[in-house]
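Here is a chain to explore together. Take a moment to look through the sequence and turn the structure around before reading on.

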Amino acid sequence: MTDKQRFSSVWDAIEDTPQNAASMRARSDLMMSLTEVIRQQGMTQAQAAVFFGVTQPRISDLMRGKVNLFSLDTLIDMAATAGMGPTVKVSMPRAAPVKRPARRVAAPA
């Protein structure tokens, strides 16, 4: 029998650190959303390039999902340009409850 690891995201499985996985997850989510907006608006890559102020090959990279070529800043800027209202959501870490030492009761005098 083999031990199989389970991951909450493909990025957790393929990235070396939780930080890299979080960045890749955020970037890929933004890229998919931007691609969907471009498709819904019926824009060609050339039209999308003019709209976002980038080159057509840059839009091609976006549409092909080349995540490593885009920073979070760039993708957030593009999403804001598209009127998407990008936000960053932060969740608190799940931590074990902190054990507090038992209170000492003063002995009667």
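The report below goes from the overall fold to the core, the helix contacts and two buried residues.

## Overall fold

Please keep in mind that this model is predicted. The protein chain holds five helices and zero strands, so its elements run α-α-α-α-α from the N terminus on.

Of the 109 residues in the protein chain, 22% count as buried. Contacts across the sequence are well represented too: among contacts with a separation of 6 or more, 51% join residues 24 or more positions apart.

## The nonpolar core

Which residues have the most contacts inside the largest nonpolar core? They are Leu 34, Phe 52, Ile 59, Leu 62, Leu 75 and Met 78, in a core of 15 residues. Four helices each give two or more residues to this core: H2 (18–40), H3 (45–52), H4 (56–63) and H5 (72–81). H2 gives the most, with five residues.

Met 78 is a good place to start if you want to trace the core on screen. Setting aside neighbours within four places in sequence, Met 78 is in contact with Leu 34, Phe 52, Ile 59, Leu 62 and Phe 70.

## H2 against H5

Now for the helix pairs. The axes of H2 and H5 come within 10 Å and cross at roughly 30 degrees. Angles under 35 degrees count as roughly parallel, and H2 and H5 are therefore roughly parallel to each other. Their crossing is left-handed.

On the H2 side, the contact is made by Ser 23, Ala 26, Arg 27, Leu 30, Met 31 and Leu 34; these meet Leu 72, Leu 75, Ile 76, Met 78 and Ala 79 in H5. By class, this contact has nine nonpolar residues, one polar and one charged.

## H2 against H4

H2 also meets H4, and here the axes come within 9 Å and cross at roughly 115 degrees. From H2, the residues taking part are Met 31, Leu 34, Thr 35, Ile 38 and Arg 39, while H4 brings Ile 59, Asp 61, Leu 62 and Met 63. These residues divide into six nonpolar, one polar and two charged.

Met 31 and Leu 34 are worth a second look: they are listed among the H2 residues that meet H5, and they are also among those that meet H4.

## Two buried residues in H2

Is Arg 27 buried or exposed? Arg 27, found in helix H2, has 12% relative accessibility and therefore counts as buried, the cut-off being under 20%. Beyond its neighbours within four places in sequence, Arg 27 is in contact with Val 67, Asn 68, Phe 70, Ser 71, Leu 72 and Leu 75. Two of these partners, Leu 72 and Leu 75, are among the H5 residues that meet H2.

Thr 35 lies in helix H2 as well. Thr 35 counts as buried because its relative accessibility is 8%. Leaving aside neighbours within four places in sequence, Thr 35 is in contact with Leu 62 and Met 63, both of which are among the H4 residues that meet H2. Finally, try the pair Thr 35 and Arg 64: they are 29 residues apart in sequence, and their C-alpha atoms are 9.0 Å apart in space.

Technical notes:
Residues are numbered from 1 along each chain as its sequence is written. This is a predicted model: local features need pLDDT of at least 70, side-chain atom pairs count only at pLDDT 80 or more; totals for chains, interfaces and linings use all residues. Side-chain values use heavy atoms; hydrogens and water are left out. A nonpolar core is a set of buried Ala, Val, Leu, Ile, Met, Phe, Trp, Tyr and Cys residues joined through side-chain atoms within 4.5 Å. Buried means under 20% relative accessible area, exposed over 50%, partly exposed in between (1.4 Å probe, protein chains only). Contact means heavy atoms within 4.5 Å. Axes are lines fitted to C-alpha atoms, for helices over the stretch in contact, and angles run from 0 to 180 degrees between N-to-C directions. Angles under 35 degrees count as roughly parallel, over 145 as roughly antiparallel, 65 to 115 as roughly perpendicular and the rest as oblique. A crossing is left-handed if the near helix is turned anticlockwise from the far one by less than a right angle, and right-handed if clockwise. Ala, Val, Leu, Ile, Met, Phe, Trp, Tyr, Cys and Pro count as nonpolar, Asp, Glu, Lys and Arg as charged, and the others, Gly among them, as polar.
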